[in-house]
Amino acid sequence: EKGTYAHYMLKEMDEQPSVVRKIIQAYELDGELAIDEEILTAINAADRLYIIAAGTSYHSGLVGKAYFEKMAQIPVEVHISSEFGYNMPLLSEKPLFIFLSQSGETADSRQVLVKVKEMGYPALTITNVQGSTLSREADYTLLLHAGPEIAVASTKAYVAQLAVLAVAAYVAGKARGNAIDFDLKQELAIAATAISAIIDSKEEMEQIAEDYLKIARNAFFIGRNLDFCVSLEGALKLKEISYIQAEGFAGGELKHGTIALIEEGTPVFALVTQEQVALNIRGNVKEVVARGANACIIASEGLEEEGDRLVLPHVHPLLTPLVSVVPLQLISYYAALHRRCDVDKPRNLAKSVTVE
Ligand code: M6R
């Protein structure tokens, strides 16, 4: 029940710190992060992981690729389920398929699961719904522990997916003896606190929505590396609930065409959380500002510069997506409210898409 909350989406965004803490607990064994031994064996037996998902889950899959490649050193491909099913790429010798789905009912993903099971490949479903179709039909399941997500716009499930993917990649990496020089449990707890701090400053996000999106017809979200993945999710949130045309772009790609769309006052949200590309993305911001863009820079503490609109608490560089997505969710929420949109039930959309 949404209780005193005006919308499920607001309630679900507020739950994000506790969801991350719940995941730490759920995946803890004798004080260490752990996943089921069978699943660990299946991950470490694979020569390549294929993450299959749609929408927001696809966006968390893109971050998951970085987690598995960096922590576990396993190559990963991420595919949109409706594309993969009808145009299968050349597969590796020992693939493991990972289906990411909040609902566990997405038909596009299910048709891929059915096909790969027919082909005899192992499959793991990461879902919020125990007993869902994708969970029942896969060999293994990891649960998101996010609690029911009612709003059509996915928020806490995205953050939960990132956390569970991080745990799985970290545990697999440790089991392979990879050098991982941080304690993920501790870093996730720090991320949970950082999310709380953002949620406690909602008025700031409301003001940003007012300043940048009040009369906007379109908006751009830019970032590099992990920030690019989050930009895609930020844009999806905004278009889905406020109906403002929005696109997420890799900062360096703008000049290859999209920059032609920048006009006087075009809102551009730029994420700066990745130190190795911080200067590059700032360069991209300068390029759009020179063409009249109204740039809103959201930077991590330690990377901020004067004039940035929002500074996010410092977290481990791999975990910044869990934190940087939250202001984007909130900004979208307030933009939708200003436009009197039906936040929890946007037009033309259903919570689970059970048709192909
Ligand atoms: O339940 P699933 O995670 O499989 O759903 C996939 C998409 O339909 C879903 O993420 C959709 O994009 C959301 N409405 C985004 O907020």
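In this predicted model, the side chains of Arg-110 and Glu-137 pair up in a salt bridge, with 2.8 Å from N to O. Arg-110 belongs to helix H6 (residues 107–118) and Glu-137 to helix H7 (residues 133–137), so the contact ties together parts that sit 27 residues apart in sequence. Side chains of opposite charge can pair like this when their charged atoms come close. Across the whole structure, the search turns up 17 salt bridges.

Now to the ligand. There are 14 residues around it, and the ones that come nearest are Ser-57, Ser-101, Ser-103, Thr-106 and Glu-240. Sorted by character, the shell around the ligand splits into 8 polar, 4 nonpolar and 2 charged residues.

Several polar atoms of the protein face oxygen atoms of the ligand. In the case of Ser-57, an N or O atom of the side chain is 2.5 Å from a ligand oxygen. With Gln-102, the backbone does the job: one of its N or O atoms lies 2.7 Å from an oxygen atom of the ligand. Ser-154 also uses its backbone, where a polar atom is 2.8 Å from a ligand oxygen. On its own the ligand would expose 410 Å², and the protein buries 91% of that area.

As for where the ligand sits, the space it takes is the largest pocket. Two or more residues of the shell around the ligand come from helix H4 (55–72), and the same goes for helix H11 (226–242).

Conventions. Residues numbered from 1 in each chain as written. Predicted model: local features only at pLDDT ≥ 70, side-chain atom pairs only at ≥ 80, totals over all residues. Heavy atoms only, no water. Near = heavy atom within 4 Å. Polar contact = N/O pair within 3.5 Å; in protein donor to acceptor, adjacent residues only side chain to side chain. Areas by Shrake-Rupley, 256 points an atom, 1.4 Å probe, with all protein chains shown as cover. 1 Å grid on protein atoms, 1.4 Å probe; cavity = no way out; pocket = protein on both sides within 12 Å on 5 of 7 lines; lining within 4 Å. Sits in = over half its atoms within 2 Å of the grid points. Helix = DSSP H or I, 4+ residues; strand = E, 2+ residues; numbered from the N terminus. Nonpolar A, V, L, I, M, F, W, Y, C, P; charged D, E, K, R; others polar. Salt bridge = Lys/Arg side-chain N within 4 Å of Asp/Glu carboxyl O.
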